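Student: I have a structure open and would like to talk through how its parts meet. Could you take me through it step by step?

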Number of protein chains: 4
Amino acid sequence: MFFASDNWAGAHPAINERLSKESTRFAAAYGTSDLDRSIEQRFNEIFEKEVAVFFVATGTAANSLSLASIARPGGLTFCHTEAHVIEDECGAPDFFSGMRMVGVEGPAGKMLPENLLERIARYPQDAVHHGRAAAVTMTQATEVGTIYTLDEIDTISKIAKDNGLPLHMDGARFANALVSLGCTPAEMTWKRGVDVLSFGGTKNGCWCAEAIVFFDPQLAKDFAFLRKRTAQLFSKSRFIAAQFEAYLKDDLWLGLASHANAMAERLRVGFGSLNSARLAWDTESNEVFAVLPKASAKAATEQGARFYDWLEPRDMPEKVGKDEALIRMVTSFATTEEDVDQFLSICASA
Amino acid sequence: MFFASDNWAGAHPAINERLSKESTRFAAAYGTSDLDRSIEQRFNEIFEKEVAVFFVATGTAANSLSLASIARPGGLTFCHTEAHVIEDECGAPDFFSGMRMVGVEGPAGKMLPENLLERIARYPQDAVHHGRAAAVTMTQATEVGTIYTLDEIDTISKIAKDNGLPLHMDGARFANALVSLGCTPAEMTWKRGVDVLSFGGTKNGCWCAEAIVFFDPQLAKDFAFLRKRTAQLFSKSRFIAAQFEAYLKDDLWLGLASHANAMAERLRVGFGSLNSARLAWDTESNEVFAVLPKASAKAATEQGARFYDWLEPRDMPEKVGKDEALIRMVTSFATTEEDVDQFLSICASA
Amino acid sequence: MFFASDNWAGAHPAINERLSKESTRFAAAYGTSDLDRSIEQRFNEIFEKEVAVFFVATGTAANSLSLASIARPGGLTFCHTEAHVIEDECGAPDFFSGMRMVGVEGPAGKMLPENLLERIARYPQDAVHHGRAAAVTMTQATEVGTIYTLDEIDTISKIAKDNGLPLHMDGARFANALVSLGCTPAEMTWKRGVDVLSFGGTKNGCWCAEAIVFFDPQLAKDFAFLRKRTAQLFSKSRFIAAQFEAYLKDDLWLGLASHANAMAERLRVGFGSLNSARLAWDTESNEVFAVLPKASAKAATEQGARFYDWLEPRDMPEKVGKDEALIRMVTSFATTEEDVDQFLSICASA
Amino acid sequence: MFFASDNWAGAHPAINERLSKESTRFAAAYGTSDLDRSIEQRFNEIFEKEVAVFFVATGTAANSLSLASIARPGGLTFCHTEAHVIEDECGAPDFFSGMRMVGVEGPAGKMLPENLLERIARYPQDAVHHGRAAAVTMTQATEVGTIYTLDEIDTISKIAKDNGLPLHMDGARFANALVSLGCTPAEMTWKRGVDVLSFGGTKNGCWCAEAIVFFDPQLAKDFAFLRKRTAQLFSKSRFIAAQFEAYLKDDLWLGLASHANAMAERLRVGFGSLNSARLAWDTESNEVFAVLPKASAKAATEQGARFYDWLEPRDMPEKVGKDEALIRMVTSFATTEEDVDQFLSICASA
């Protein structure tokens with residue numbers, strides 16, 4: 001019953017097998033091998049467009065270097081108030097990009113368009129003292145597991161474009177969002193105006209596979225230097241490429257995400273049938289935020305379940321009671337129905 | 001015949017097997033798992049001392065964050081003029097540490113003690129304009145494959161200590177140096193006054209395993225934040241730990257390095273028996289720098305050999321002739337005697 | 001009728017005269033002259049304590065370097081949501097200190113203690129992902145011209161101390177706050193737990209005189225390097241010292257601030273007698289925020305008055321009407337009663 | 001006998017008078033006043049071209065922000081090994097620009113063109129590991145008081161242009177160089193290919209007046225943000241403008257520099273008539289580097305003379321003897337013939 005995070009899971013056998021195969025040969029280092037090249041081609045296919053792709057070590061690196069590549073001196077990046085870039089990356093986005101992250105409020109982990117507009121308006125292009133609006137970043141799926149619909153992406157994107165701001169998408173859980181929406185990668189990104197994407201594979205079955213995808217390769221012209229200067233260029237880069245090869249082959253990645261989402265849905269349905277639990281937000285991908293009796297949470301923990309207590313946000317419609325706990329549960333490719341059912345059964349008994 | 005770099009090799013089967021095993025289970029993320037902990041213990045044993053160990057993504061990260069952890073505002077770090085930190089890391093050490101790298105000359109990739117002394121003397125502790133001496137870093141094995149003897153480390157270390165400067169060792173090829181000297185890890189490091197070590201596993205059989213070792217854990221007190229802020233904290237950190245577990249088990253790492261060194265020695269001996277070739281520097285670890293007829297280099301390349309042309313340094317005792325090439329050949333755990341012999345045979349024929 | 005800002009004023013004659021005198025002689029550069037030394041002594045007297053004093057070029061530099069001197073890797077600085085450091089310095093505090101500014105809400109420009117407590121609690125000392133609480137900065141007088149009482153400073157200071165955080169005070173308008181409270185410099189700073197102070201002279205009659213005062217000289221041990229590295233060390237530093245000498249002589253600075261405050265009070269009283277105007281916040285120093293009919297503001301502008309339209313904050317108790325303008329008026333040592341009365345008379349007529 | 005540096009002098013009476021006049025009025029802050037604007041026009045006239053001009057607080061800021069404005073990620077800036085940007089600014093150029101300074105050797109403070117070429121060739125535009133050539137900076141007059149001839153500037157400039165690198169000139173002693181060459185400001189700068197200039201007034205009679213001049217205003221498009229973010233935007237900016245107005249009026253600046261140079265020439269001639277002294281480098285502007293008997297230097301010091309001992313450079317053609325001192329003497333607008341003659345007389349007697 002490991003629901004603490006999808007990054008507690010291991011690696012999928014197919015990915016593991018591909019890594020093993022890769023380990024037996026020699027190849028050029030620093031991202032210049034034939035395999036590195038072929039994966040770049042694979043990304044072109046997946047996104048139906050010529051893109052520029054670069055591997056980095058972590059999701060934090062993907063976000064921070066994405067923002068660095070579109071940064072402007074004195075620039076501000078707008079993100080949701082609870083976004084990973086502002087609250088969970090220890091200032092790496094600021095350090096790498098030289099920009100300040102400006103929180104934009106909105107319910108259920110999503111920036112409210114009117115709030116975004118209002119914030120951008122405070123930082124016009126000649127605002128030497130305040131700093132100037134320079135980029136917008138949105139998280140898909142969000143920190144609380146919700147999903148921007150395609151229309152909502154359009155709206156955010158239009159605001160960004162109207163203000164001359166590039167749009168970044170933090171896709172640490174890109175696949176989970178994609179299968180939830182049931183659209184193509186292109187439809188969820190560049191066709192809606194996304195300029196740069198953090199494309200995460202680690203949480204969905206790789207052990208370390210994060211990429212930055214530039215939909216306008218021109219934006220990537222300095223990227224090789226930005227990456228090296230932040231110590232993010234792997235010498236044996238092809239081992240990242242190998243993971244992506246297996247991950248993207250025969251839609252493995254979509255299958256893994258679908259499974260994770262289904263396990264979250266199973267949790268959601270299970271909680272729905274319990275009188276004692278309710279959901280803090282809609283379950284739209286592979287995260288479930290439940291409000292439970294503390295006794296249930298305790299019982300589950302004692303029987304081996306792992307999950308995180310979550311800080312109650314200010315805008316919770318129904319407050320968390322004194323005897324209740326707000327917990328986050330994350331499912332992954334490796335979550336089993338048995339895990340889910342056991343957890344629910346504990347809650348039902350407690 | 002892949003002699004371009006030791007990072008062109010894949011990963012050793014034992015390491016690969018350990019990774020496969022790790023992939024099947026769940027475990028806590030971000031370096032907090034039981035496995036991460038047990039590897040820290042393993043480092044204590046290897047270094048015969050309680051150390052603080054942290055994994056990072058690349059050798060550049062290891063060096064840059066090592067220096068960041070001992071940095072002082074307005075500080076200068078002294079390194080050899082051809083050191084990786086000054087010439088091959090695209091300014092990452094400067095960016096992460098805020099310090100300037102100051103080159104110290106010396107033959108065969110090693111800082112000459114009198115030059116180091118002279119440079120340090122130029123930057124006393126109150127030199128607000130010039131900047132102040134803040135750290136010394138030495139590379140073991142060096143960029144040209146030579147080794148500081150234990151006495152030479154003592155000499156450098158004494159200069160550093162006399163001037164109140166912490167000493168860092170770039171051990172991207174630590175194992176190769178260690179087996180070359182035939183001493184213990186402790187004898188090559190903290191027993192000689194090394195304070196922080198970049199401990200590299202990637203070039204010697206791992207696919208991605210770099211660690212920073214602090215011999216005084218107090219130096220590491222801010223390290224967790226420095227690492228996260230530079231996007232170097234792996235979520236599935238335990239896959240690094242797993243590599244190190246296999247790498248350090250039953251002295252595998254020493255065996256791999258011994259093999260690589262032996263292959264370099266075989267090259268050296270082979271070149272010695274050719275009239276047409278000579279060595280630019282002594283072969284002391286797993287790198288061979290040979291001056292060959294251009295015709296030989298060309299013939300080898302045409303038959304599939306891979307190696308790098310090397311920029312002739314100013315202090316070459318015997319100049320490289322017009323019809324000659326200075327090449328760098330690096331051997332690894334995966335280099336075979338057949339590769340070596342085939343290369344030598346081509347040279348003999350050309 | 002120049003009410004745009006106190007930095008639109010020139011320089012006081014006494015300061016000007018002292019500068020002229022200074023211009024005729026030779027003296028050691030970079031802050032090492034006898035005059036520089038004697039001013040440091042003067043600060044000791046004023047603050048009744050041995051302090052460390054350093055001059056910098058701008059108020060932004062004073063704040064940014066103050067924070068840099070108390071920064072910790074991955075650190076967060078708590079400030080009011082509208083503080084200069086977060087909204088008006090184009091990211092200089094973040095760039096110089098490497099820290100992120102975290103806004104704390106509170107009415108009338110002052111952090112509400114419970115909000116500060118709540119924010120600090122979110123960032124404990126082991127919060128590698130979120131970043132850790134590292135400093136608190138308060139602005140005295142605030143951005144909207146209000147003043148923290150001595151008790152309020154105590155409260156903020158206690159929260160900081162309880163959490164092990166150093167406390168910085170942005171005193172761009174230090175003198176205005178001081179004469180408003182009627183206490184001594186010591187009572188408003190270190191006796192309440194302030195560790196570092198940005199001591200501004202520019203807005204109060206100097207043309208360029210900003211200092212950083214460390215109440216614990218130990219905090220300043222790296223400061224000379226931080227300052228030089230940010231290009232803030234004047235070669236002819238003694239011309240700053242000369243300004244401070246005249247500024248601090250015979251309580252000139254207190255007299256200038258008293259005058260400015262009195263002019264603001266005259267405005268406040270004048271607005272009080274107008275039916276058409278009201279104040280957005282209490283007038284406690286040299287800033288008046290008035291809500292006027294747009295017609296009045298327009299008439300004043302047409303007759304030569306200068307002031308800034310102010311962005312209506314979210315927490316305005318009484319909203320600004322459609323036909324109203326929220327304006328900021330700042331008085332200075334150079335503001336005359338005639339200017340004030342003329343402005344009020346225009347408003348009365350309009 | 002103050003020969004320690006030209007920044008030990010005070011301010012010229014005309015400049016002082018202009019400052020006094022400025023102090024009595026109100027004007028818009030942050031560089032937006034009528035006076036700020038009019039000085040920008042004055043720079044256009046002086047340089048016979050529409051330029052973009054920005055004031056900053058120090059010469060270090062002028063250099064560092066000039067380089068920041070032309071920086072590229074992973075970029076390297078080439079400068080003389082003894083240049084101010086690499087040896088005397090505590091890393092500010094690196095910090096502000098994110099670039100590494102690479103020393104280029106050459107006699108008498110000037111980069112040797114062949115050395116510059118060789119260094120640039122080591123860092124081609126795709127050198128992700130080494131970093132890429134990004135800018136060239138030359139100091140005019142140099143750190144040892146010599147002057148690049150117009151032809152020499154052409155040569156350096158051509159190398160820069162051939163390699164696609166912008167050219168910066170550190171003109172901390174611009175006026176001294178200009179009158180030495182007897183050419184126009186345009187001829188010494190943009191007509192030879194200089195793109196950005198640090199234009200110094202402080203060492204030549206202002207108390208604080210440093211400007212950055214962009215000969216292609218397009219290069220300055222982000223400059224306002226770069227400057228604010230480094231805390232270099234003066235609120236009462238017009239006091240810098242006022243100094244420049246007086247400085248540039250009726251060729252005052254050229255007269256002051258001519259005087260300083262003449263005083264250096266007087267020293268040179270004086271030393272020439274002494275058997276006991278010789279010059280380390282030609283005296284071409286307002287700096288004289290003399291090798292004297294230690295006894296003479298000691299006698300002068302005892303009688304009140306101030307100057308700096310200079311570190312003997314490696315390439316001194318004639319070594320400094322055991323009983324000799326290499327000293328630097330800098331003259332300024334405020335140096336008198338009496339000072340010079342008294343110094344020489346002491347040397348003659350000692």
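Tutor: Let me start with a term: a salt bridge is a side-chain nitrogen of Lys or Arg within 4 Å of a carboxyl oxygen of Asp or Glu. By that rule, the count between chain B and chain A is 0 salt bridges. This is a predicted model, in which local features need pLDDT of at least 70 and side-chain atom pairs count only at pLDDT 80 or more, while totals for chains, interfaces and linings use all residues. Residues are numbered from 1 along each chain as its sequence is written, chains are lettered from A and ligands numbered from 1 in the order in which they are written, and side-chain values use heavy atoms, with hydrogens and water left out.

Student: OK, so how many residues of chain B are in contact with chain A?

Tutor: On chain B there are 51, in contact with 51 residues of chain A, where contact means heavy atoms within 4.5 Å. The area buried between the two chains is about 4300 Å², with carbon and sulfur atoms giving 62%; buried area is the accessible area (1.4 Å probe) that two parts lose on being put together, summed over both. B:F26, B:W207 and B:K236 supply 21% of the area that chain B buries against chain A, more than any other three residues.

Student: And how many residue pairs are in polar contact between chain B and chain A?

Tutor: There are 28 such pairs, both residues being at pLDDT 80 or more. A polar contact is a pair of N or O atoms within 3.5 Å; within protein, one must be able to donate a hydrogen and the other to accept it, and residues adjacent in sequence count only if both atoms are side-chain atoms.

Student: Switching to chain C, how many salt bridges are there between chain B and chain C?

Tutor: The count there is 2 salt bridges, and in a salt bridge between C:R132 and B:D222 the side chains meet at 2.7 Å, N to O. α10(B) gives the most to the side of chain B that touches chain C, with 5 residues; helices (H or I, at least four residues) and strands (E, at least two) are DSSP runs, numbered from the N terminus. The contact takes 19 residues from chain B and 19 residues from chain C, and the area buried between them is about 1600 Å², of which carbon and sulfur atoms give 70%. In chain B, the residues losing the most area to chain C are B:V128, B:H129 and B:F225, together 41% of what that side buries.

Student: Different topic: is D:T146 buried or exposed?

Tutor: D:T146 is buried, with a relative accessible area of 2%, where buried means under 20%, exposed over 50% and partly exposed in between (1.4 Å probe, protein chains only). D:T146 sits in the loop between β4 (132-139) and α7 (150-162) of chain D.

Student: What does the side chain of D:T146 reach?

Tutor: It reaches the backbone oxygen of D:A108 at 2.6 Å, and a polar contact of 2.7 Å joins the side chains of D:T146 and D:T142. Leaving aside neighbours within four places in sequence, D:T146 is in contact with residues including D:K110, D:W281 and D:E284.

Student: Last one, how is chain A divided?

Tutor: Chain A has domain 1 (13-251) and domain 2 (253-349), with bounds from an automatic or database domain assignment. Between these domains of chain A the count is 1 salt bridge, and A:E287 forms a salt bridge with A:R173, the closest N and O atoms being 3.4 Å apart.
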